[in-house]
Protein chains: 2
Amino acid sequence: MPPELAGKLTALLSKPRDIPARQDLMTEGDAPAAMVVMLEGWACRYNILPEGTRQISAFLMPGDCCDLHVSVLTEMDHSIATLTPAKVAHIQRDELNDLLDAEPALMRAFWWMQLVNESVMRAWIVSMGRRDSLQRVGHLMLELYARATAIGLVRDDRLVMPLTQIVIGDALGLTPVHVNRVLRRLREEGVMEIQGGTLTIADSAKLARVTGFDDSYLHRRLKRAA
Amino acid sequence: MPPELAGKLTALLSKPRDIPARQDLMTEGDAPAAMVVMLEGWACRYNILPEGTRQISAFLMPGDCCDLHVSVLTEMDHSIATLTPAKVAHIQRDELNDLLDAEPALMRAFWWMQLVNESVMRAWIVSMGRRDSLQRVGHLMLELYARATAIGLVRDDRLVMPLTQIVIGDALGLTPVHVNRVLRRLREEGVMEIQGGTLTIADSAKLARVTGFDDSYLHRRLKRAA
DNA sequence: CGGCGTTTTGATCGCTCTCAATTTTGGTGG
DNA sequence: CCACCAAAATTGAGAGCGATCAAAACGCCG
């Protein structure tokens, strides 16, 4: 995003607010009143099914917006919750709409963000449909690692990645028990490891090969974010 | 979309072209030169994995655009192929971009379409993650039936639905063999039936209950399209 | 009429789930 | 700093859903 646009957008941001972990930022059925921008911490989009199970459809990291839908749609068809303590800022629906009307380039930028999100979602669909549990877990970790790298969250080849095995399971359609076994296998094979909330990928080439990971679907995101 | 905008968009449409079934409209890796609008027939977005398996991530019906990405992104991360003989029209990338710059409301409309697509994709992720094979098949059929109803494709409660069991399997992450067994079960239970390329939903209330189908995620699409 | 792709059915395999119990971790209050 | 508690991680045993392999019947199109 061109800096002058980013500036105008930043000007609309509310004062940052601290949110505890595991708290809804938006709830299904709500009419979203404002767009929320993640400044620190992780969050996720999710749905709860009639049986009570949860499916996560996206992870939100610092810099991600939730929700771009604000200015267009009227009702949330999913919820968004923090996974860690988070810092967020708001942009009021009306102010955002006014700015978007005044700055078509900004609307285009938002549209572009949307397209990148769609790329990621498509990759998730491919994973859930055609990859086994080991590939799914590995692929997700590579995605998160790449995204985190792009926003400077990776230090010394380590990523503080606060996802519990329950959360990983809810994102991949697996049980936490099975996620645990998959992680053990990946660890034993020396490919990657999650230790104390920190992700370390020891052999990213092998992991990418095994999981069929191709970061080109993220490139646009990464290039633009860089 | 307001009629005057639709008119300006229509003015850019190329002469309709006939495309045979099973032909790529766009191929992964291509730089898309034009946006394609489906006028007749069905198509799908898909990826081919290293192992040779295919995953379909969306179905395109008349009125759907493929691809909105044209004016923003540079390279396709998936392919689009016809499933039936189809009639399509093109809008050249540059002309579309010029019109979008001149008509912010049109860009907003495109953004809005994108958000609806995203709703549908999220529902797919939920299905693939947390629904069993019977629920998945039923849920997809209800989605397609609702979308087809909205564009007037349903007559006498019957939908000409040209998806083979192979295609359904590729969309839901199931084998064609298992899709067949699921369809048999749905037929035997008197819930729905696919006969000679025609879908008939005998007990949509029961099917919706069993599959956890809630059309609210489509309402925006349907309302607007109506 | 012939041929190929789709549909259908059967038998068996195996990946992932379920159920259950134990250990570890992290956060909280004394 | 330590005791305690709840949540998460870990491991084992067994069951089931959907995959795989195989083959036959069907339908469509040339």
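The exercises below work through a predicted model and concern two DNA strands and one sheet.

**Exercise 1.** Find which residues come nearest to DNA strand C, and state which of its atoms lie within 4 Å of the protein.

*Solution.* Begin with the surroundings of DNA strand C, where 17 residues are found and A:Ser133, A:Thr175, B:Arg22, B:Gln165 and B:Asn180 come nearest. Next, sort these 17 residues by character, which gives 4 nonpolar, 7 polar and 6 charged residues. Then turn to the strand itself: of its atoms within 4 Å of the protein, 71% belong to sugar or phosphate, and the rest belong to bases.

**Exercise 2.** Identify side chains that place a polar atom beside a phosphate oxygen of DNA strand C, and say which helix supplies the largest share of the surface.

*Solution.* Start in chain A, where an N or O atom in the side chain of A:Thr175 is 3.0 Å from a phosphate oxygen of DNA strand C. Continue in chain B, where a polar side-chain atom of B:Asn180 lies 2.7 Å from a phosphate oxygen of this strand, and one of B:Arg184 lies 3.0 Å from a phosphate oxygen. Finally, look at the helices: α6 of chain A, with α5 and α6 of chain B, each supply at least two residues of the surface near DNA strand C, and the largest share, 5 residues, comes from α6(B).

**Exercise 3.** For DNA strand D, work out which helix gives the most to the surface, and which parts of the strand A:Asn180, A:Arg181 and B:Ser133 approach.

*Solution.* First consider the surface near DNA strand D, to which α6(A) gives the most, with 5 residues. Then take the side chains in turn: an N or O atom of A:Asn180 is 2.7 Å from a phosphate oxygen of DNA strand D, and for B:Ser133 the corresponding distance to a phosphate oxygen is 2.8 Å. The side chain of A:Arg181, by contrast, has a polar atom 3.1 Å from a base nitrogen of DNA strand D.

**Exercise 4.** Describe the sheet of chain B that contains β8, and explain why β8 and β10 each have one side without a neighbour.

*Solution.* Write down the strand order, β8-β9-β11-β10, which forms an open sheet with antiparallel pairing. Because β8 and β10 stand at the edges and each has a single partner strand, one side of each is left without a neighbour in the sheet. Now examine β9 and β11, which pair over 3 bridges, with B:Leu159 opposite B:Leu199 in β11(B). Lastly, add helix α4 of chain B, residues 133-150, which lies across β8, β9, β10 and β11 and runs at about 100° to β11(B).

Definitions and conventions:
Residues numbered from 1 in each chain as written. Chains lettered and ligands numbered in written order. Predicted model: local features only at pLDDT ≥ 70, side-chain atom pairs only at ≥ 80, totals over all residues. Heavy atoms only, no water. Near = heavy atom within 4 Å. Polar contact = N/O pair within 3.5 Å; in protein donor to acceptor, adjacent residues only side chain to side chain. Helix = DSSP H or I, 4+ residues; strand = E, 2+ residues; numbered from the N terminus. Nonpolar A, V, L, I, M, F, W, Y, C, P; charged D, E, K, R; others polar. Pairing = 2+ DSSP bridges. Contact = heavy atoms within 4.5 Å. Axes fitted to C-alpha atoms, helices over the stretch in contact; angles between N-to-C directions.
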